[in-house]
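Student: I would like to know what stands behind the labels we put on a structure. Can we go through them one by one?

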Amino acid sequence: MEFLYKEFDTGSRFDKRIDNAEMPDYITKNLSSVFELRPYQQKAFSRFIYFINNGFDDKQGKPYQLMFNMATGSGKTLIMAGLILYLFKHGYRKFLFFVNSTNIINKTIDNFINTRSSKYLFNKNGISFDGKKVNIKQVDNFEDAGKDDINICFTTIQKLHSDIYAEKENSLTTEDFKEQKIVFISDEAHHINTKTIKQTEIESLAKPGWENTIEKIFNQNLDNLLLEFTATLDYEHNNIVEKYKPKVIFRYDLRQFKDDKYSKDVNLLRSDLSDNDRILQAVILNQYKQDIALKNGVDLKPVILFKAQKLIAESLENKANFHRIIENLTNEQILNIRNSSTIKVIHRAFDFYEKENISLSQLVKKLKQNFAETNCISVNEENLEKKSLKKTDKDQLIEQQYVLNSLEDKNNPVRAIFAVNKLNEGWDVLNLFDIVRLYKTRDAKNGKVGKTTMAEAQLIGRGARYFPFKINEAQDKYKRKFDKPNHKHELKTIEELHYHTIEDSKYISELKKALVESGIYDDENDYVKVDLKLKEKFKETDFYEKAVVFENEKKKNKYDKIQSLSDLGVSKTNISFKLHSGQGKVTKAFDDGEEIKEEQTGTTTEGKDVKVNEIPSHIVKNALARNNFFQFSNLIKYFKKLKSMSEFITNENYLGGFGITFNGTAERIKSITNLDYFLSLNVLLSVVEKEISGNLHEYYGTKDFKIITKIKDKFTDVSLNINKRSERAQSQAAFVKNKKWYAYDDNFGTGEEKKFVEMFARRIEKIEKAYEEIFLIRNERQLKVYDKKGRGFEPDFVLFVKQKTAPNITYQMFIEPKGSHLKEHDKWKEDFLIELREKFKDKTVEYNSDKYKLTAVKFYSNKEENEFVKDFENALFDHRLTIE
């Protein structure tokens, strides 16, 4: 199974509706005009609209659960607001927003409810549908929900879990979710996957967790919707991957966000300075960013964050020390930074102040004013949810959260923040420009990036949100404007986030690794961008202009003809189950095993066959309920004509046709208990599920290769980002330069792929005896084919050759070089290539009077090159043709 978003990526090339739906007026007009919809946000909306309107009942089964995996700062909450409007139009009135943090709750209430907030996402003049005004109402539960209002209940996942399992007055209960359709909106949704990550089914039954709670209330109504949002989805965790493959409808990660220029550039500013000098250097740079912005007409108040490692006490001491530095700041200290720093951007700052005739004394005064204690805040206090907090303390925390969530506001004076870990998640800030790391420890082990460093990388990702501005009407205020070749513009500095740390090569290496993995950082020392271009002589050929390439499609398996379990490959209709008698015997340990004589009764083993539809239905239903696979919402994905669970239990085509053979003593056979039935059914259902799962393929590759694309449209010039230390970085341009049969001007493949090209070159003379128009084309993710299970892969090369003699067939051959260490892992790909060759062995396809033949070969391996050559010739040459 492939991720849903990848299917949409592929489908959008052929169906423009997927990514280009026209945005309804009731969305665009009812959202705040302050927040312009970006292209990727419109794309996210378009995919949701396409999903809802085009009959995807067989995609995952109702109730629908969809994930928007979008980078920090990409505007997930705006997507939520737009989806609320869309779903209200389509009959939904009740929305449950939940997340793991009270701070995020308060921030989102500002976004959705507080019309006075600068971050209110709806039209401040009110929202309306078909000329009728609609209110957005915050509710504690859905008892008093207005039938014509947008009713939103805000809660933490912790409180929601507690309310469901310990019902209290004015709180949400299970009853709130029955007989009414609700939209569940989960922010920072990765936090709810406790059961999926641990896979402790038995424990979760005994002590339900957050994920169980959500599943319980969500499944109360098939018309419910669960919309999940997170920037952090673990694509390396197998359980998470399997859960979310059919659910991730849109992915827009941090790397794409950065490459599209919606983020700041991240710079690591490492220096061999004392902590006090590092603090002062960061403050000077931060002030320079404000002054350079103001000079160019940009109203900016840059914020700086001072980060402690673990203890609140450390952070409080950092804050006290900072105040001492600022209060006692002298001209000599500023001068010392100017003279000792070797950082170019620091030199530019001092050059700027000198050019603007701002003296050291004036700079000291400016820093003392802007970074006075009244303009600093510590965010290390206790959590709002703690019951021990006094009301005054809670009010103070709420005020603090408001200050944090409004840092960009003109009337918010805060310039410096002191924290430990509180701001790692759920913090929306655009004007954070500097982060100062005030500790030296590392926690990497065995070459792996430590948790602290990963948290630092996540914090940097939050700080990398772009501060919108423009200095002329032609510019996009939300995008970087001064990348190369304009990177020397003085405003480039306010498109950068600086992370200040000590000069520690090991730590910097670890941090870079974490940042590169997150996608927010490209290490220029590690990666190189290369261009792969089609040769001009190749583009001048008739083949390039007229020839075509054939591909198949990946389609959803709709199971329209499935009418029984046997149709899904379940061959075993009966299992044996041993009934334990409880009988035993005792032997003496030191008397040659002499037995103590005891009376034994009914020791003969007997058997009894019982059909499932003969077992009391409530026991069968309880057994089915223990297995998520046999939920009705899942079964109807495969059995379209199934009307009820009762039919599934009693009908001979389903479980009713299955049986259990009980084996045991005569006494036990006579007294089969309900527990025996229950336990045996669990075994039977496990066998049935295993057989079905082994034969289920949610997708399939079409047998016919009917997607026809002209060569010139399919294969074009491409740009590649390659790790300089990778074997792929080694150019093969010199070798392929004068090879007229090689379409591109270079090959940045693996060593195995380069060896294949060299092998092909040694055989070209023999091939030319029988063929003309010989072209070997490197496939850089431009062409994709699918096997019978819908698994897709991109063969590294496609070879085209045309027979010199009648019937002048053009062969299209898929070729995949593969290192020996990967052959077993990718065996399914080789099996597919062999199946493809066998299937089209005696078939040709006509297009514009030209005949084509599809074929393929086994994997190429340099170690087994002779075997490959034999297979290659068998696939390419008619057995009647002899090539000397």
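Tutor: We take confidence, burial, salt bridges, strand pairing and cores in turn.

Student: What is the mean pLDDT of this protein?

Tutor: This is a predicted model. Its mean pLDDT is 86, and 89% of the residues reach 70 or more. Residues 201-206 stay under 50 and have four contacts beyond four places in sequence. Over residues 879-884 the pLDDT is also below 50, with seven contacts beyond near neighbours in sequence. Where pLDDT is low, predicted coordinates should not be read in detail.

Student: Why is Asp-291 called buried?

Tutor: Buried means under 20% relative accessible area. Asp-291 has 9%, so the label buried applies.

Student: What makes Lys-366 partly exposed?

Tutor: Partly exposed runs between under 20% and over 50%. Lys-366 stands at 23%, so it counts as partly exposed.

Student: How do you know that Asp-291 and Lys-366 meet in a salt bridge?

Tutor: The cut-off is 4 Å between a side-chain nitrogen of Lys or Arg and a carboxyl oxygen of Asp or Glu. Here N to O is 3.6 Å, so the pair qualifies. Asp-291 sits in helix α13 and Lys-366 in helix α17, 75 residues apart.

Student: Why do Lys-492 and Glu-495 count as a salt bridge?

Tutor: Their N to O distance is 3.8 Å, which is within 4 Å, so they count. Lys-492 is buried at 7% relative accessible area. Glu-495 is buried at 0%. Both residues belong to a salt-bridge network with Asp-265, Arg-480 and Asp-483.

Student: What does the pair of Lys-712 and Glu-545 tie together?

Tutor: Lys-712 lies in helix α28 and Glu-545 in helix α22, so their pair ties together parts 167 residues apart in sequence. The closest N and O atoms are 3.1 Å apart. Lys-712 is partly exposed at 27%, and Glu-545 is partly exposed at 35%. A search of the whole structure finds 38 salt bridges.

Student: Why is strand β9 called largely enclosed?

Tutor: Four of its five residues are buried, so the rest of the structure largely encloses β9.

Student: How do you know that β1 and β9 pair?

Tutor: Pairing needs at least two bridges. Four bridges join these parallel strands, so they pair. Asn-69 has Arg-251 in β9 as its bridge partner.

Student: Which residues touch the most other members of the largest nonpolar core?

Tutor: Phe-68, Ile-150 and Ile-417 do, in a core of 91 residues. Helix α5 gives the largest share, ten residues. A second, separate core has 65 residues, including Phe-797 and Leu-836.

Definitions and conventions: Residues are numbered from 1 along each chain as its sequence is written. This is a predicted model: local features need pLDDT of at least 70, side-chain atom pairs count only at pLDDT 80 or more; totals for chains, interfaces and linings use all residues. Side-chain values use heavy atoms; hydrogens and water are left out. A nonpolar core is a set of buried Ala, Val, Leu, Ile, Met, Phe, Trp, Tyr and Cys residues joined through side-chain atoms within 4.5 Å. Buried means under 20% relative accessible area, exposed over 50%, partly exposed in between (1.4 Å probe, protein chains only). Helices (H or I, at least four residues) and strands (E, at least two) are DSSP runs, numbered from the N terminus. pLDDT is the predictor's confidence in each residue, from 0 to 100. Contact means heavy atoms within 4.5 Å.
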